Amino acid sequence: MTTPVCTSASSAATSARQTLPYPSFSSYVKDRQPVLLRTARSLTANPSDAEDLLQTALTKTYVAWDRIEDHRAVDGYVRRALLNTRTSQWRKRKVDEFACDELPEPDVTPAGDPAEQQALHDAMWRAIMKLPARQRAMVVLRYYEDLSEVQTAEVLGVSVGTVKSAVSRALGKLREDPELEPVR
């Protein structure tokens, strides 16, 4: 038994193919994108560069889609486009680094022993805790909280002159503290 063929349906399908220049390209990309992306990632170190490389190769493939006679060999065409595009990028790349006699990095000063830094930190807090409460509050607000003299005066409800004189006396006491001798 033969199946009747509707000529109007086949002519509609033919006209649909003519309006879409590459009807199977999008299905090819959907099916093969993961495999092609793995190939692109093997050519580059950066996954973002691999995505860009694949996009460029697929663009070249889309432009040449009509010229590809055997669509079973499209993978080979895309892989060759990936390789050629990567080779062109490699040849065109800029060399931003070059050898020189002097290193451009500044000399790094050693940070010091963390144990010594912690001991100094502890000694500083012990010295601050010896200060009267009002002076201690002013020193902490000025130097640990980075408030200005005006802001410190507002927080404590005193005049700016009081903050200046109290902080000055507190710093004098801290300079005389024997625990902080190694710092000077």
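Here are some notes on the fold, the aromatic pairs, the salt bridges and one helix packing in this predicted model.

1. **Overall fold.** Start with the layout. The chain has 8 helices and 0 strands, so reading along the sequence gives the pattern α-α-α-α-α-α-α-α. Out of 184 residues, 23% count as buried. If you take the contacts with a separation of 6 or more, residues 24 or more positions apart account for 51% of them.

2. **Aromatic pairs, beginning with Phe25.** The count for the model comes to 4 aromatic pairs. One of them joins Phe25 and Tyr62, which meet edge-to-face with 5.0 Å centre to centre and 65 degrees between the planes. Phe25 belongs to helix α2 (residues 25–43) and Tyr62 to helix α3 (residues 47–63), so this pair ties together parts that are 37 residues apart in sequence. Is Phe25 buried or exposed? Phe25 counts as buried, at 11% relative accessibility. Tyr62 is partly exposed, and its relative accessible area is 35%.

3. **Phe25 again, this time with Trp65.** Phe25 also forms an aromatic pair with Trp65: edge-to-face once more, 5.2 Å centre to centre and 80 degrees between the planes. This pair links distant parts of the chain, with Phe25 in helix α2 and Trp65 in the loop between α3 and α4 (74–92), 40 residues apart. Trp65 has a relative accessible area of 6%, and because the cut-off for buried is under 20%, Trp65 is buried. Put Tyr28 into the picture as well: Phe25, Tyr28, Tyr62 and Trp65 form one aromatic cluster.

4. **A salt bridge between α2 and α4.** The structure holds 5 salt bridges. As a reminder, side chains of opposite charge can pair when their charged atoms come close. In one of the salt bridges, Arg32 is joined to Asp75, with the closest N and O atoms 2.7 Å apart. Here too the pair links distant parts of the chain: Arg32 is in helix α2, Asp75 is in helix α4, and they are 43 residues apart. Arg32 counts as partly exposed at 25% relative accessibility, whereas Asp75 counts as buried at 17%.

5. **Glu179 and its partners.** Which residues take part in the network of salt bridges? Arg126, Lys130, Asp177 and Glu179 are linked in it. Within that group, Arg126 bridges to Glu179, and the closest N and O atoms are 2.8 Å apart. Arg126 sits in helix α5 (residues 114–129) and Glu179 in the segment after α8, so the two tie together parts that are 53 residues apart in sequence. Arg126 is partly exposed, with a relative accessible area of 41%, and Glu179 counts as partly exposed at 30% relative accessibility.

6. **Lys130 on that Glu179.** Lys130 forms a salt bridge with Glu179 too, with 3.4 Å between the closest N and O atoms. Lys130 is in the loop between α5 and α6 (133–144), while Glu179 is in the segment after α8, so parts that are 49 residues apart in sequence are tied together. Lys130 counts as exposed, with 54% relative accessibility.

7. **How α6 meets α8.** Two packed helices are described by the angle between their axes and the distance between the axes. For α6 and α8, the angle is about 95 degrees and the axes are 9 Å apart. An angle of 65 to 115 degrees counts as roughly perpendicular, and α6 and α8 are therefore roughly perpendicular to each other. Which residues make the contact? On the α6 side they are Arg134, Gln135, Met138, Val139, Arg142 and Tyr143. On the α8 side they are Thr162, Val163, Ala166, Val167, Arg169, Ala170, Leu171 and Lys173.

8. **A few residues at that contact.** Arg142 and Tyr143 of α6 both help make the contact with α8. The charged end of Arg142 sits over the ring of Tyr143, 5.4 Å from its centre. From the other helix, take Leu171, which lies in α8 (residues 160–176). Leu171 counts as partly exposed, at 23% relative accessibility. Leu171 and Ile128 are 43 residues apart in sequence, and their C-alpha atoms are 9.5 Å apart in space.

Methods. Residues are numbered from 1 along each chain as its sequence is written. This is a predicted model: local features need pLDDT of at least 70, side-chain atom pairs count only at pLDDT 80 or more; totals for chains, interfaces and linings use all residues. Side-chain values use heavy atoms; hydrogens and water are left out. Rings of Phe, Tyr and Trp (its six-membered ring) pair if their centres lie within 6.5 Å; planes under 30 degrees apart count as stacked, over 60 as edge-to-face and the rest as tilted. Helices (H or I, at least four residues) and strands (E, at least two) are DSSP runs, numbered from the N terminus. Buried means under 20% relative accessible area, exposed over 50%, partly exposed in between (1.4 Å probe, protein chains only). A charge sits over a ring if NZ of Lys or CZ of Arg is within 6 Å of the ring centre and within 35 degrees of the ring normal. A salt bridge is a side-chain nitrogen of Lys or Arg within 4 Å of a carboxyl oxygen of Asp or Glu. Axes are lines fitted to C-alpha atoms, for helices over the stretch in contact, and angles run from 0 to 180 degrees between N-to-C directions. Angles under 35 degrees count as roughly parallel, over 145 as roughly antiparallel, 65 to 115 as roughly perpendicular and the rest as oblique. Contact means heavy atoms within 4.5 Å.
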